[in-house]
Amino acid sequence: MLGLIRAIALAGLLALGSAHTALAQAPDTGMDKQSDGRFTGIAVVTDNVDWYEMFQRPEPPQFDGKGHYGPGDRGSLAIIFSNPEPRNGVVRVLCDIVARDPAETRRVASEAVCYEGPYLGPNILHPALLDLRFEMGADEPAGQAGFSVTLNDAYSGRAVTLDVSFTQGPGR
(Lines give C-alpha, C1' and ligand atoms only; values in the text may rest on other atoms or scores of the structure.)
Protein backbone atom coordinates (compact mmCIF):
# COMPACT_ATOMS: atom_id res chain seq x y z
CA MET A 1 0.00 0.00 0.00
CA LEU A 2 2.78 2.45 0.88
CA GLY A 3 4.34 1.88 -2.56
CA LEU A 4 1.07 2.91 -4.21
CA ILE A 5 0.91 6.07 -2.08
CA ARG A 6 4.47 6.97 -3.12
CA ALA A 7 3.68 6.41 -6.81
CA ILE A 8 0.52 8.50 -6.61
CA ALA A 9 2.24 11.32 -4.74
CA LEU A 10 5.18 11.33 -7.17
CA ALA A 11 2.74 11.53 -10.07
CA GLY A 12 1.08 14.47 -8.31
CA LEU A 13 4.44 16.20 -7.83
CA LEU A 14 5.26 15.76 -11.48
CA ALA A 15 1.83 17.06 -12.53
CA LEU A 16 2.16 20.15 -10.35
CA GLY A 17 5.72 20.69 -11.53
CA SER A 18 4.72 20.73 -15.17
CA ALA A 19 1.66 22.87 -14.44
CA HIS A 20 3.93 25.42 -12.76
CA THR A 21 6.13 25.56 -15.85
CA ALA A 22 3.15 26.43 -18.03
CA LEU A 23 1.72 28.94 -15.55
CA ALA A 24 4.99 30.66 -14.74
CA GLN A 25 4.98 32.39 -18.11
CA ALA A 26 1.57 34.04 -17.61
CA PRO A 27 0.93 36.95 -15.22
CA ASP A 28 -1.31 36.53 -12.16
CA THR A 29 -1.10 32.75 -12.09
CA GLY A 30 -1.45 32.45 -8.34
CA MET A 31 1.27 29.75 -8.25
CA ASP A 32 4.96 29.56 -7.28
CA LYS A 33 7.39 26.66 -6.90
CA GLN A 34 10.92 26.90 -5.47
CA SER A 35 13.60 24.47 -4.32
CA ASP A 36 16.59 24.55 -1.99
CA GLY A 37 18.46 21.41 -2.89
CA ARG A 38 15.86 18.65 -2.87
CA PHE A 39 13.54 20.48 -0.45
CA THR A 40 10.74 21.90 -2.61
CA GLY A 41 7.81 24.16 -1.79
CA ILE A 42 4.75 25.03 -3.83
CA ALA A 43 2.21 27.75 -3.05
CA VAL A 44 -1.03 28.10 -4.98
CA VAL A 45 -3.87 30.59 -4.59
CA THR A 46 -6.85 28.52 -5.69
CA ASP A 47 -10.61 28.89 -5.76
CA ASN A 48 -10.83 25.24 -4.70
CA VAL A 49 -11.27 25.81 -0.95
CA ASP A 50 -11.33 22.03 -0.42
CA TRP A 51 -7.90 21.48 -2.02
CA TYR A 52 -6.61 19.65 1.07
CA GLU A 53 -9.21 16.88 0.61
CA MET A 54 -7.57 15.98 -2.72
CA PHE A 55 -4.61 14.63 -0.75
CA GLN A 56 -6.92 12.20 1.04
CA ARG A 57 -7.95 10.51 -2.22
CA PRO A 58 -6.09 7.79 -4.12
CA GLU A 59 -5.82 9.82 -7.36
CA PRO A 60 -3.15 12.54 -7.73
CA PRO A 61 -4.23 16.01 -6.58
CA GLN A 62 -5.00 18.43 -9.40
CA PHE A 63 -6.04 22.05 -9.02
CA ASP A 64 -5.10 25.34 -10.63
CA GLY A 65 -4.01 28.74 -9.47
CA LYS A 66 -6.42 31.61 -10.02
CA GLY A 67 -5.33 35.13 -10.92
CA HIS A 68 -8.44 37.24 -10.19
CA TYR A 69 -10.92 37.36 -7.31
CA GLY A 70 -13.95 39.62 -7.46
CA PRO A 71 -16.53 40.50 -4.80
CA GLY A 72 -18.03 37.34 -3.30
CA ASP A 73 -15.28 35.05 -4.64
CA ARG A 74 -13.70 32.63 -2.19
CA GLY A 75 -10.17 31.30 -2.30
CA SER A 76 -7.57 29.40 -0.36
CA LEU A 77 -3.78 29.40 -0.05
CA ALA A 78 -2.54 25.86 -0.68
CA ILE A 79 0.97 25.14 0.64
CA ILE A 80 2.63 21.91 -0.45
CA PHE A 81 6.16 20.62 0.00
CA SER A 82 8.35 17.59 -0.63
CA ASN A 83 11.70 16.15 0.44
CA PRO A 84 12.13 17.54 3.94
CA GLU A 85 14.85 15.83 5.98
CA PRO A 86 13.53 13.34 8.55
CA ARG A 87 14.71 12.76 12.13
CA ASN A 88 13.67 9.42 13.62
CA GLY A 89 11.10 9.02 10.83
CA VAL A 90 9.47 12.42 11.45
CA VAL A 91 9.64 15.64 9.41
CA ARG A 92 8.97 19.17 10.66
CA VAL A 93 8.30 22.18 8.44
CA LEU A 94 7.78 25.71 9.75
CA CYS A 95 6.00 28.57 7.93
CA ASP A 96 6.21 32.33 7.87
CA ILE A 97 3.27 33.81 5.98
CA VAL A 98 2.56 37.42 5.09
CA ALA A 99 -0.75 38.42 3.45
CA ARG A 100 -0.98 41.60 1.44
CA ASP A 101 -3.62 43.58 -0.40
CA PRO A 102 -3.59 47.12 -1.84
CA ALA A 103 -4.42 48.62 1.58
CA GLU A 104 -2.17 46.70 3.98
CA THR A 105 0.36 43.95 4.65
CA ARG A 106 -0.05 41.71 7.66
CA ARG A 107 1.81 38.72 9.12
CA VAL A 108 -0.46 35.69 9.29
CA ALA A 109 2.02 33.18 10.74
CA SER A 110 5.51 33.41 12.22
CA GLU A 111 7.52 30.20 12.56
CA ALA A 112 4.26 28.28 12.80
CA VAL A 113 4.38 24.52 12.48
CA CYS A 114 3.00 23.91 8.99
CA TYR A 115 3.55 20.19 9.20
CA GLU A 116 4.95 17.71 11.65
CA GLY A 117 4.46 14.06 10.89
CA PRO A 118 5.79 10.84 9.47
CA TYR A 119 8.33 10.76 6.66
CA LEU A 120 6.80 8.76 3.81
CA GLY A 121 9.80 8.80 1.47
CA PRO A 122 11.41 10.93 -1.20
CA ASN A 123 9.32 12.96 -3.67
CA ILE A 124 6.11 12.61 -1.66
CA LEU A 125 3.85 15.65 -1.68
CA HIS A 126 2.84 16.81 1.79
CA PRO A 127 0.07 19.38 2.19
CA ALA A 128 0.68 21.88 4.96
CA LEU A 129 -1.69 21.52 7.86
CA LEU A 130 -2.80 25.16 7.65
CA ASP A 131 -6.18 26.10 6.24
CA LEU A 132 -5.93 29.69 4.99
CA ARG A 133 -9.16 30.73 3.29
CA PHE A 134 -10.42 34.14 2.24
CA GLU A 135 -13.50 35.75 0.72
CA MET A 136 -13.54 39.01 -1.23
CA GLY A 137 -15.96 41.54 0.21
CA ALA A 138 -17.73 44.17 -1.85
CA ASP A 139 -15.61 46.94 -0.27
CA GLU A 140 -12.18 45.33 -0.82
CA PRO A 141 -9.73 47.74 -2.49
CA ALA A 142 -8.99 46.86 -6.11
CA GLY A 143 -5.43 45.96 -7.08
CA GLN A 144 -2.68 43.42 -6.42
CA ALA A 145 -2.95 41.08 -3.44
CA GLY A 146 -1.20 37.88 -2.46
CA PHE A 147 0.91 35.95 0.00
CA SER A 148 4.60 35.59 0.73
CA VAL A 149 5.45 32.23 2.28
CA THR A 150 8.76 31.01 3.67
CA LEU A 151 8.94 27.27 4.34
CA ASN A 152 11.73 26.11 6.65
CA ASP A 153 12.78 22.47 6.87
CA ALA A 154 13.53 22.39 10.59
CA TYR A 155 15.99 19.48 10.41
CA SER A 156 18.02 20.32 7.30
CA GLY A 157 18.00 24.11 7.70
CA ARG A 158 16.89 24.46 4.07
CA ALA A 159 14.30 27.11 3.22
CA VAL A 160 12.29 28.29 0.24
CA THR A 161 10.49 31.59 -0.24
CA LEU A 162 7.33 31.54 -2.33
CA ASP A 163 5.35 34.49 -3.57
CA VAL A 164 1.88 34.25 -5.09
CA SER A 165 -0.22 37.16 -6.25
CA PHE A 166 -3.61 37.81 -7.73
CA THR A 167 -5.74 40.77 -8.70
CA GLN A 168 -8.69 41.58 -6.49
CA GLY A 169 -11.65 43.79 -7.20
CA PRO A 170 -14.49 43.99 -9.71
CA GLY A 171 -14.09 42.20 -13.07
CA ARG A 172 -11.23 42.70 -15.49
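Two strands are taken to pair if DSSP finds at least two bridges between them. In this predicted model, strand β9, which spans residues 143–153, meets that condition with strand β10, residues 159–168, through 10 bridges, and the two strands run antiparallel. Within this pairing, glycine 146 has serine 165 of β10 as its bridge partner. Both strands belong to an open sheet of 5 strands, arranged in the order β3-β10-β9-β5-β6 with mixed pairing. The edges of the sheet are formed by β3 (68–69) and β6 (105–118), each of which pairs on one side only.

Aspartate 32 is located in strand β1, which covers residues 31–36. Aspartate 32 is buried and yet has no salt bridge, the nearest side chain of opposite charge being that of arginine 100, at 8.8 Å. Its side chain does, however, make a polar contact of 2.9 Å with the side chain of glutamine 34, and a polar atom of the aspartate 32 side chain also lies 2.9 Å from the backbone nitrogen of aspartate 163.

Arginine 100 appears again in the description of the second largest pocket, where Ala99, Arg100, Arg106, Phe134 and Phe147 are the closest to the centre among the 18 lining residues. The volume of this second largest pocket is about 330 Å³. At least two residues of its lining are supplied by each of β5 (90–100), β6, β8 (132–135), β9 and β10, and the greatest contribution to the lining comes from β8, with 4 residues.

Terms used:
Residues numbered from 1 in each chain as written. Predicted model: local features only at pLDDT ≥ 70, side-chain atom pairs only at ≥ 80, totals over all residues. Heavy atoms only, no water. Buried < 20%, exposed > 50% of the residue type's maximum accessible area, 1.4 Å probe, protein only. Lys, Arg positive; Asp, Glu negative; His and termini not counted. Salt bridge = Lys/Arg side-chain N within 4 Å of Asp/Glu carboxyl O. Polar contact = N/O pair within 3.5 Å; in protein donor to acceptor, adjacent residues only side chain to side chain. 1 Å grid on protein atoms, 1.4 Å probe; cavity = no way out; pocket = protein on both sides within 12 Å on 5 of 7 lines; lining within 4 Å. Points joined across faces, edges and corners; volume = space filled by probe spheres on them.
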